[in-house]
Amino acid sequence: RGRAHPLRLYSIASASMNQPQIALCVKRVTWNDPQGQLQRGIASNFLCDLEVGDKVHLCGPLGKHFVFDQADTPWDIMVGAGTGVAPFMARIHEILQLDRQSQKKLWCIFGFRSQELVLYKEELKLLREKYGGRLRIDYVLSREQTNLDGSRMYCGDFVAQHPEIIQRVIQDQSA
């Protein structure tokens, strides 16, 4: 339409292992306009349609950095939904794979609309199998689960219905 496209920001989903590549979690955006014509999101479709070897221009980091505390804590709780789980994937890999001496445990509460939309499902399954009790994952499925009021279940509802999550944080100063 003759205007420059606004900048799109994405979280990096790969661990920082000094590799010459990065992983992004991108949801392809499409919708039908009022006339029933299929419309495609500009940035998500551009990224999803890239071929190996294509060049892209990047900039960043911008805004506030999403930095995890590197303190030696016994466990971390991570709560995220949709593509917002991307930076947690990097963190999970860093803790489980790079910090093999640690016995840190991770509790991930990931929200999605339905089971079929769960991102990283197979990867997380393999990590759970490999690292046993160090990785707990609860999926909150807003279109398939209901909260105590019978409304759609969201991550906040899940946390409210599982007070042991908050109790751990309150009781354990190192969490």
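**Figure 1. R40 is partly exposed, at 45% relative accessible area, and pairs with D49 in a salt bridge.** The whole chain shown here is a predicted model, in which local features need pLDDT of at least 70 and side-chain atom pairs count only at pLDDT 80 or more, while totals for chains, interfaces and linings use all residues. Residues are numbered from 1 along each chain as its sequence is written, and side-chain values use heavy atoms, with hydrogens and water left out. In this view, look for the side chains of R40 and D49, where N and O come to 2.6 Å. D49, like its partner, falls in the partly exposed class, with a relative accessibility of 38%. R28 joins R40 and D49 to make a network of salt bridges. A salt bridge here is a side-chain nitrogen of Lys or Arg within 4 Å of a carboxyl oxygen of Asp or Glu, and by that rule the total comes to five. Buried stands for under 20% relative accessible area, exposed for over 50%, and partly exposed for what lies in between (1.4 Å probe, protein chains only).

**Figure 2. D76 takes part in salt bridges with R91 and with K104.** For R91 and D76, the closest N and O atoms are 3.0 Å apart. R91 belongs to helix α2 (residues 86–98) and D76 to strand β3, so this pair ties together parts 15 residues apart in sequence. Helices (H or I, at least four residues) and strands (E, at least two) are DSSP runs, numbered from the N terminus. Are R91 and D76 buried or exposed? R91 counts as buried at 4% relative accessibility, and D76 is buried too, at 15%. The bridge between K104 and D76 has its closest N and O atoms 3.3 Å apart. Because K104 sits in the loop between α2 and β4 while D76 is in strand β3, their pairing ties together parts 28 residues apart in sequence. K104 is buried, as is D76.

**Figure 3. S114 and Y120 share the loop between β4 and α3.** The strand β4 covers 105–112 and the helix α3 covers 121–131. S114 is buried, with a relative accessible area of 11%. Which residues does S114 contact, leaving aside its neighbours within four places in sequence? They are L141 and E144, where contact means heavy atoms within 4.5 Å. When you reach Y120, check the backbone: its phi is positive, about 60°, although Y120 is not a glycine. Y120 counts as partly exposed, at 21% relative accessibility.

**Figure 4. C59 lies in the loop between α1 (42–48) and β3 (75–81).** C59 is exposed, with a relative accessible area of 54%. L9 and C59 are 50 residues apart in sequence, yet their C-alpha atoms are 9.3 Å apart in space.

**Figure 5. K27 sits in the segment before β1 (30–32).** At 56% relative accessibility, K27 counts as exposed. From here, pull back to the whole chain, which has five helices and five strands. Read along the sequence, these follow the pattern β-β-α-β-α-β-α-β-α-α. Of the 175 residues of the chain, 30% count as buried. For contacts between residues at least 6 apart in sequence, 56% join residues at least 24 apart.
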